[in-house]
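User: Hi! I'd like to understand the words used for this model. Could you walk me through them?
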Amino acid sequence: MRISDILRVKGDQVVTVPPGTPVEQLLEVLAQHRIGAVVVSRDGTAVEGIVSERDIVRALAARGAGVLGEPVSAIQTTQVRTVEPDAQLEDVERLMTERRFRHVPVVVGGALGGVVSIGDVVKFRIDELETERSTLADYITGERT
Ligand code: AMP
């Protein structure tokens, strides 16, 4: 199974913010889209960083409420791990587990082409298991040969 199989279902839209966006505004973007992370990009194509709710929590704990007025660039992660659409789902699961992050941007020819979250991966796995379970049940009960 490849990452492109997930993108085919969920689409290639990615929420991005420019690096100068104040953290307070980032909170609104995350809440409005009901997501946990955004890609930081000036042009919506080049991945300059990623910023998740965890970065906000850590910065608030370290520096207090003044963080809300800081730009996203002050709290983002700039060493972003990305994958290409033909990456194997198992490899991306391993990457997320080992590196302890829940979002991986998908890059196509150097341009942002989607994002996969741990929620997408879990949903995909559950659907896959359900299909497998019902095929086996049909086979056992003789509804399918
Ligand atoms: P998350 O689990 O995705 O909320 O992110 C946990 C931490 O990892 C935060 O500091 C993020 O900025 C960072 N992070 C999230 N996704 C990635 C990624 N694909 N590459 C590098 N760092 C990431």
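User: What makes up the lining of the second largest pocket, by class?

Analyst: Happy to help! This is a predicted model, where local features need pLDDT of at least 70, side-chain atom pairs count only at pLDDT 80 or more, and totals for chains, interfaces and linings use all residues. Residues are numbered from 1 along each chain as its sequence is written, and side-chain values use heavy atoms, leaving out hydrogens and water. The lining of the second largest pocket has eight nonpolar, four polar and three charged residues. Ala, Val, Leu, Ile, Met, Phe, Trp, Tyr, Cys and Pro count as nonpolar, Asp, Glu, Lys and Arg as charged, and the others, Gly among them, as polar.

User: Why is the contact between Ser52 and the ligand called polar?

Analyst: A polar contact is a pair of N or O atoms within 3.5 Å; within protein, one must be able to donate a hydrogen and the other to accept it, and residues adjacent in sequence count only if both atoms are side-chain atoms. A polar side-chain atom of Ser52 lies 2.7 Å from a ligand oxygen, so this pair fits. For Arg58 the distance to a ligand oxygen is 3.2 Å, and for an N or O atom in the side chain of Thr77 it is 2.7 Å.

User: What makes Asp55 count as near the ligand?

Analyst: A residue is near a molecule or strand if one of its heavy atoms lies within 4 Å of it. Asp55 is among the 15 residues around the ligand, and one of those that come nearest, so the term applies.
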